[in-house]
Amino acid sequence: MPTPRAPSAERDDDIPALELRALCAAFGNGAGLTDVSLRVGSGERVAIVGPSGVGKTTLLRAVAGLAAIDDGHVLVRGQDVTALPPERRDVVYLHQTPVLFPHLSVGENIAFPLRVRGQRGEAVRQRVREALAAVRLDGFEARPAHALSGGQRHRVALARAIAARPAVLLLDEPLSALDPALRADVGAAITAAQAEYGPAMLIVTHDLDDVGALADRVAALVDGGVAQCVTPDVLFARPATLAVARFLGIYQELVGRVREDGMIACALGVVDVSRERRGVASTASLVTLGFRPESVRLSAAGCRPDAVRARVVGIRHRPRGSTLVLRLEDGGAESLVEAAIAGQDVACDVGDEVVATLDPPDVMVYPR
Amino acid sequence: MTGSHLAAAVPRPGPGRIVRGVLLLALVASSLAPLVLLAIWSMSGRWLYPALLPTEYSAASWRALGAESLGPALVTSGALAAAAGLVGCVLALPLGRALARLRGWRRHVGAAAAFLPVAAPPLALGTGLQVVLLSVGLGGTVAGVLLAHLVPAVGYLSLFFLGTFTLFDERVEAEARTLGATPWQVWRHVLLPMLRGPIVEAVALGFLISWGQFALTLVVGGGAVRALPLEVFALVRAGQDRAAAVGALLLVVPPAIGLAALRWAAQRTAVAPA
């Protein structure tokens, strides 16, 4: 049941295309989704990321009406659709691998959402042509669905979804089943679908590399709820909770103690973290410091006698650049941290002793 | 022995091949010989011992088809079997889907319940059903016999559709629903067209289950419903061998057509999405 689009931009802001209020859905043996709240504006693309098994697919299916929810509300353009069946939600859910109807041609597949709404004739053919053009498959109408290549099937499924013109498009891992050459193809088709008429998109992905290209904002789904929903750069630079930082996989952790002067002492020395990021941690309380390899600064041993000495015990080569593995000794306790090699002032090799410090601006502080 | 391993790779006629050939010949002979004999018998005019083949041929038995009891019995059996195939399919399709959606022990119990009327001897089934059908006034009627035939037919076809829907990709239905199709439209535009092959097979199977029924028809029909197997049995007992041969041949024709339909449908079965 599509409702007329809001006439002005202000109204679009007032009424999000999709709003989830305290959605709760159990699945499997775990706790499931316990409290998911999210707003997606018209024309906005929001990526859902989170560890495996957290319920990303369940969330999409619940929004589509294909999975039961235990509590909470789904609103599409301000209308509560929680109790409505899938076909009346103005929401289209796209499976991870495309599901085309094998007894229909490509054109008939794309016309399907229009035909079940009683539309016939030239208007349907016109819409099918437009949808095929949007995914760069002009002239494919008469092809049988089973004769398509993998990437073409993804694009036909997308074309069929945008032919339905839903207020909300739900994409479940749209790129993960594709090889790199096809990812660009289908990614472009998603962008084109967005440009076609500007639906709100909710995109589940497990690949953080896709997030920047696919989405305007990213929602981190952790422990049954949305822990953070921000632009991708903010998520990567300022994970709101330790769970989010751990999921991102690029943060290392050290235990720190808040000193009386507000600075935090840890195995990498004393860090001057701004009050804003230190939060309400009280004096002498223990905190967890989260930091990326780029935040560990190295200098030659001996230049600062009071600084923390570290021994280089290995080198790790990663896609984003190689790191040195450092062994720190802090009052008898040993810990290993990684420091990015790029951008360091000092050259060193395995076995060398260096001085390591933590660069405060990008260090996150989490309560323990 | 150089090259022995090469020679071994080339298939040669061996004892195994001869055994297989003999077995295949025996299979073909045992399938066709009774039919050939029936055909000869049904057309024989004069056939006395010790002649190997009839000395005179006659079409009298076939011409008498309309006048004798075989004609009406053919119509009764055909109508019963067609109804059992169609109604059985209509009932078994949703039942099979419901069974396929059960999980764990419920599915085993459901499948066992569907299998019971298939496994039970028709005589036992008929004896039990007769009591029920008599009490509702359907004993000795065509409707009562049809209901009785439907019991094994629906059981068998439910299992058939359980298999079909186990292989069927559930995402197809979800995809259709989210694209705006109502449950009825999903059936009309997606499930039924995709299941055309299995549905043809099921109707043919239901037809055959009813067509060959003897005990159920006899017990529930009480001799008042004269289906073809009953007539053929009566002719055999009365010693009317030529008429019995005609009836027996008539019994064979629909299964042959049914088998052809099954082969045709099997080649078109597609339950997976493109």
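Two strands are taken to pair if DSSP finds at least two bridges between them, and on this basis the sheets of chain A can be described in what is a predicted model. An open sheet of 5 strands in chain A runs in the order S13-S12-S11-S14-S20, and its pairing is antiparallel. The edge strands of this sheet are strand S13 (269-271) and strand S20 (364-367) of chain A, each of which pairs on one side only. Direction ignored, neighbouring strands of the sheet are turned by 40° against each other on average. At the edge formed by S13(A), the partner is strand S12 (residues 264-266) of chain A, and the two strands pair in the antiparallel sense over 3 bridges. Within this pair, A:Ile264 stands opposite A:Val271 in S13(A).

Another open sheet of chain A is also made of 5 strands, here in the order S15-S19-S16-S17-S18, with antiparallel pairing. Strand S15 (296-300) and strand S18 (333-340) of chain A stand at its edges and have a single partner strand each, so that one side of each is left without a neighbour in the sheet. From one strand to the next, the twist in this sheet averages 45°. The edge strand S15(A) pairs with strand S19 (residues 353-358) of chain A in the antiparallel sense, over 5 bridges, and A:Ala300 stands opposite A:Val354 in S19(A).

Two residues of chain A other than glycine have positive phi values, A:Ala22 with phi near 45° and A:Asp223 with phi of about 50°. A:Ala22 is found within a strand, S1 (residues 18-25) of chain A, whereas A:Asp223 lies in the loop between strand S9 (217-222) and strand S10 (225-230) of chain A. A residue is buried if 20 or more other C-beta atoms lie within 10 Å of its own, and exposed if 12 or fewer do. A:Ala22 counts as partly exposed because it has 13 C-beta neighbours inside 10 Å, and A:Asp223 is likewise partly exposed because 15 other C-beta atoms lie within 10 Å.

In chain B, helix H6 (residues 122-135) has 14 residues, which at 1.5 Å a residue should span 20 Å, and the end C-alpha atoms are 20 Å apart, in agreement with that expectation. The helix nevertheless contains a kink of about 30°, centred on B:Leu129. B:Leu129 is itself one of the buried residues of H6(B), which also include B:Pro122, B:Leu125, B:Gly126, B:Gln130 and B:Leu133. An α-helix has 3.6 residues a turn, so residues three or four places apart point the same way. The buried residues of H6(B) pack against three helices of chain B, namely helix H5 (105-119), helix H7 (142-167) and helix H11 (215-221). After H6(B) comes B:Gly137, whose phi is positive and near 80°.

The two chains meet in a contact that takes 21 residues from chain A and 18 residues from chain B. On the side of chain B that touches chain A, the elements giving two or more residues are helix H8 (170-178) and helix H9 (183-194) of chain B. H8(B) gives the most to this side, with 6 residues. In composition, the residues on the side of chain B that touches chain A divide into 10 nonpolar, 5 polar and 3 charged.

How values were computed. Residues are numbered from 1 along each chain as its sequence is written. Chains are lettered from A and ligands numbered from 1 in the order in which they are written. This is a predicted model: local features need pLDDT of at least 70, side-chain atom pairs count only at pLDDT 80 or more; totals for chains, interfaces and linings use all residues. Two residues are in contact if their C-beta atoms, placed from the backbone, lie within 7 Å. Helices (H or I, at least four residues) and strands (E, at least two) are DSSP runs, numbered from the N terminus. Ala, Val, Leu, Ile, Met, Phe, Trp, Tyr, Cys and Pro count as nonpolar, Asp, Glu, Lys and Arg as charged, and the others, Gly among them, as polar. The expected span of a helix is 1.5 Å times one less than its number of residues. The bend at a residue is the angle between axes fitted to the seven residues ending there and the seven starting there. Axes are lines fitted to C-alpha atoms, for helices over the stretch in contact, and angles run from 0 to 180 degrees between N-to-C directions.
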